[in-house]
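Work through the exercises below with the model open. Try each task before reading its solution.

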Amino acid sequence: MSDHENALIVTLDQAAKHFGRLRALDGVSLSVAAGDCIGLVGHNGAGKSTLVNLINGGLAPSSGTIVFSGGDTAHVAGVRSVFQELSLCPNLTVAENLKISHSALKGPGWRRSARAEIRASLDEIFPDHGISADAQVDMLSIAQRQMVEIAIGFAPRGTQARLVILDEPTSSLDEGIAGQLLAHIRRFCASGGAVVFISHMLGEIFKVASRIIVLKDGRIVDERASGAFTRQGLVDVMGHVAPESAQVAGARSDPGSEILRTAQGLAARKGEIVGLSGLAGHGQAEALAHLYLSRSSAWRPRKSPEVVFVAGDRPRDGVLPLWSILCNISISVLQQTARRGLVNRQAETAIAAEWKSRIGVRTDDVRNPILSLSGGNQQKVLFARALASQAPLVIMDDPMRGVDVGTKQDVYAMIRAEAANGRTFLWYSTETEEVCQCDRVFVFRNHEISAELTGVDISEEKILEASFAMQEAS
Amino acid sequence: MTPLNLLAKPWIWSWLAASAAFGLTLGLTSGRGAGELAYAALSFGAFAAIVGLGQMLVITLGPGNVDLSIPATMTLAATLALKAMSSNPGTAFLGLGIALGVGVAAGLANYALIFLLRLPPIIATLAASLVYQSFAIWSNRGLRIKPPAGLADFATGRFLGLPNVAWVGLALAIVVWVVLERTVWGRMLLATGQNLRVARLAGVPVELVRATTYVLVAVFASLAGYLLASFSGGAALNMGAEYLLMSIAVVVIGGTSIAGGNSNVPGVWGAALFMFLVVSMLNSYGAGAGVRNVLTGTIIIAIVIAASTRRVRA
């Protein structure tokens, strides 16, 4: 690393980014020089995306400094990023998409130059790509779109790309194409460019990175030349050390009868708490929503539902914003107590009052609007809505977002008690510690179940191992 | 309830506007003809209120939900009902049954287009209304059949000093209010209108709710068509035309949220009276057709703004 000093591209000094009370990035010092290829790893929420957005100028740091040596802004300094969420305009052609991030391209005949530039970039990175510069993006496959996006990232676009940040660039590429990309990254770095490479495929990180940086909870916890890491060592550094208390769940001595088995392989017994884990966006939420929708009807009203849903994304999936706390709690149980189609208002009030005290909703009157509550208390209302029903199956889609620690403990205890009474819980959580409290854990990767863990096998290390594509490198 | 609380109710504005229009009209005649004006407003307002109540339920379903086939449904129901009765005495209930049957069929057809073909309701109901209108033209063939004498007497008659049609409109308003405030179905409708996905995930049978709502609006429209044809001495092919915008206007002026999930029954009646009174006010002040339209539009905008800003503060 001795030659870093003469060709620095960007230097971060104690850069931090806070979103309200959330410390997404908590003082990171880092420098990227020409020729560097940095592998950036860490679990979800470790701060990778925030770090990328600081480096490419998308976010300003809350404190600390970021210095670009090639110019005042990231753009002038030649810093580019390629995101995992495809950011191309689907209604434009490949060449037109290049134009969007290439402001110097204008005047008559700009299409011709755009075509030539994107074609050259594609040819260089992905020989035999077979993508026409005039193809409209929505006609391309996901892999082809990802290739176009990468090619735009590396294209000169008037200046020259000096640092390219690739966020999960290979997630939709097959082996061969991914190999071409890795080869190009090595060539690019050898000729004086720099790359920050983020991937959950640890094998790729080892193949391409010269240095590996491990982020955890907004801090750099380890940074070494890639030769100094072993694969297992890297996983250990990423994970937390599981606290003793997480083992309280233990194995159940008396498993009930199986009440659920999906084509995907998801299974649950009566009275069991089943966790869904893995990296965010790998199909857990979709699997749960699909399960809920297939077990409930949009046509047939039911007196007592077979399954209830606790939403984590409150505005999208949970809260009825115009209503009071009372009405929000009672909507799923109205039919249980209704007489001749009329709402039984006494029973409704009783249920709301009971759950207000049981789950501790902080309000002086349940007739207050739901939006008068804080996010955590709104979440309690959603728990109350689900638990007030007699449904034997409770589906929870990452329900602990924005819930404080004390409430979490209360809710854990309540879930335990309800499970002991014979209810089954399906619980997706992005927090591995929560999943470790379950009786059985399914780990998702790429919309498939990659592991089923039970009993003492449920540990943060095992879950991380199954979340990342370990076998790829072996 | 304090007066200030009353001002925070969105429906109060349509009633205030209706009273103002009533007062200004009578100002010209220094109070003469108050009874006649009120009677006329209740008679004509009743039809707007009945279709408005239906439209309100649909609009409560949330953004994008509206029934534009109301005029055609009214015309078709009236035409078929009058044809079946062919002015024979004692056939009033047969005609009513046919009208309501047309309503159920039209509502089911509308919803089938929306659900099966995934058409936006605005397109589905507009397209369907062309079909209904064609059916009406085809079966009407320019005939003007008079309603049976007994039915015509009922539609133009009065009870306890109020027009019979107003009693019908009032009864429907009370039924709709009870349904919305007290029944499980009403709760489900309001939940669906706030957020369809949330309602579905909370176990509400949202498609059943939407289907029944689209059937209800068509049934209300067909009832209004049946009464209007009986009231005015026969069905005409353009009899529903003015109720397209009228049905939406009374909902909006009445304080129902266009964003869905929030209904307002008393406001619909206030707005229906206002829509009649404002025109008669401008007429009696000698405004021409152009001025009348401009002023009506301006006044509507002013009331909607007044009602909505109040609601934000409340």
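**Exercise 1: a hairpin and its strands**

Strand 16 and strand 17 of chain A make a hairpin with 2 residues between them, and A:N446 in the turn has a positive phi of about 50°. The model is a predicted one.

Task: Find how strand 16 of chain A pairs with strand 17 and with strand 12 of chain A.

Solution.
- Step 1. Start inside the hairpin. Strand 16 and strand 17 of chain A are antiparallel and share 6 bridges. A:V443 has A:A451 of strand 17 as its bridge partner.
- Step 2. Turn to strand 12 (residues 273–278) of chain A. Its pairing with strand 16 (residues 440–445) of chain A is parallel, over 5 bridges.
- Step 3. Fix the register. A:L276 faces A:F442 in strand 16 of chain A. A:S277 has A:V443 as its bridge partner.
- Step 4. Check burial. In strand 16 of chain A, 5 of the 6 residues are buried, which leaves the strand mostly covered.

**Exercise 2: the sheet around the hairpin**

Task: Give the strand order of the open sheet that holds strand 13 to strand 17 of chain A, then place the helices that pack on the sheet.

Solution.
- Step 1. Write the order. The 6 strands run 13-14-15-12-16-17 in chain A, and the pairing is mixed.
- Step 2. Mark the edges. Strand 13 and strand 17 (448–454) of chain A each pair on one side only.
- Step 3. Add the twist. From one strand to the next it averages 20°.
- Step 4. Place helix 8 (residues 284–295) of chain A. This helix packs on the sheet and touches strand 12, strand 13, strand 14 (393–397), strand 15 (424–428) and strand 16 of chain A. Its direction makes about 145° with that of strand 14 of chain A.
- Step 5. Place helix 13 (residues 375–387) of chain A. Here the contacts are with strand 13 and strand 14 of chain A, and the angle to the direction of strand 13 is about 175°.

**Exercise 3: the other sheet**

Task: Which strands of chain A stand at the edges of the sheet that includes strand 8, and which helices lie on strand 8?

Solution.
- Step 1. Write the order. This open sheet has 6 strands, 5-6-7-3-8-9 in chain A, with mixed pairing.
- Step 2. Read off the edges. Strand 5 (79–82) and strand 9 (219–225) of chain A each have a single partner strand, so one side of each lacks a neighbour in the sheet.
- Step 3. Add the twist. Neighbouring strands are turned by 20° against each other on average, direction ignored.
- Step 4. Look at strand 8 (residues 211–216) of chain A. Antiparallel pairing joins this strand to strand 9 of chain A through 6 bridges. A:R211 lies opposite A:A225 in strand 9.
- Step 5. Place helix 1 (residues 48–55) of chain A. It packs on the sheet, where it touches strand 3 (37–41), strand 5, strand 6 (163–167), strand 7 (194–198) and strand 8 of chain A. The angle between its direction and that of strand 6 is about 155°.
- Step 6. Place helix 7 (residues 231–238) of chain A. This helix lies across strand 3, strand 8 and strand 9 of chain A, at about 30° to strand 8.

**Exercise 4: domains and core**

Task: How many residues does each domain of chain A give to the contact between them? Then follow the largest nonpolar core.

Solution.
- Step 1. Divide the chain. Chain A has domain 1 (2–238) and domain 2 (244–467). Their centres, over C-alpha atoms, are 38 Å apart.
- Step 2. Count the contact. Domain 1 of chain A provides 7 residues and domain 2 of chain A provides 6 residues.
- Step 3. Sort the domain 1 side. Its residues are 2 nonpolar, 4 polar and 1 charged.
- Step 4. Move to the core. Of its 239 residues, A:F197, A:I395, B:A78 and B:V250 touch the most other members. Helix 11 (residues 206–231) of chain B gives the most, with 17 residues. Domain 1 and domain 2 of chain A each contribute at least three.
- Step 5. Inspect A:I395. Beyond its neighbours within four places in sequence, its contacts include A:L288, A:Y292, A:F309 and A:L426.

**Exercise 5: the chain contact**

Task: Describe the side of chain A that touches chain B.

Solution.
- Step 1. Count. Chain A supplies 27 residues and chain B supplies 21 residues.
- Step 2. Locate. Strand 13 (307–310), helix 9 (314–318) and helix 11 (334–337) of chain A each give at least two residues to this side of chain A. Helix 9 of chain A gives the most, with 3 residues.
- Step 3. Sort. This side of chain A has 17 nonpolar, 6 polar and 4 charged residues.

Notes. Residues are numbered from 1 along each chain as its sequence is written. Chains are lettered from A and ligands numbered from 1 in the order in which they are written. This is a predicted model: local features need pLDDT of at least 70, side-chain atom pairs count only at pLDDT 80 or more; totals for chains, interfaces and linings use all residues. Two strands pair if DSSP finds at least two bridges between them. Helices (H or I, at least four residues) and strands (E, at least two) are DSSP runs, numbered from the N terminus. Axes are lines fitted to C-alpha atoms, for helices over the stretch in contact, and angles run from 0 to 180 degrees between N-to-C directions. Two residues are in contact if their C-beta atoms, placed from the backbone, lie within 7 Å. Ala, Val, Leu, Ile, Met, Phe, Trp, Tyr, Cys and Pro count as nonpolar, Asp, Glu, Lys and Arg as charged, and the others, Gly among them, as polar. A nonpolar core is a set of buried Ala, Val, Leu, Ile, Met, Phe, Trp, Tyr and Cys residues joined through C-beta atoms within 7 Å. A residue is buried if 20 or more other C-beta atoms lie within 10 Å of its own, exposed if 12 or fewer, and partly exposed in between; C-beta atoms are placed from the backbone. Domain bounds come from an automatic or database domain assignment.
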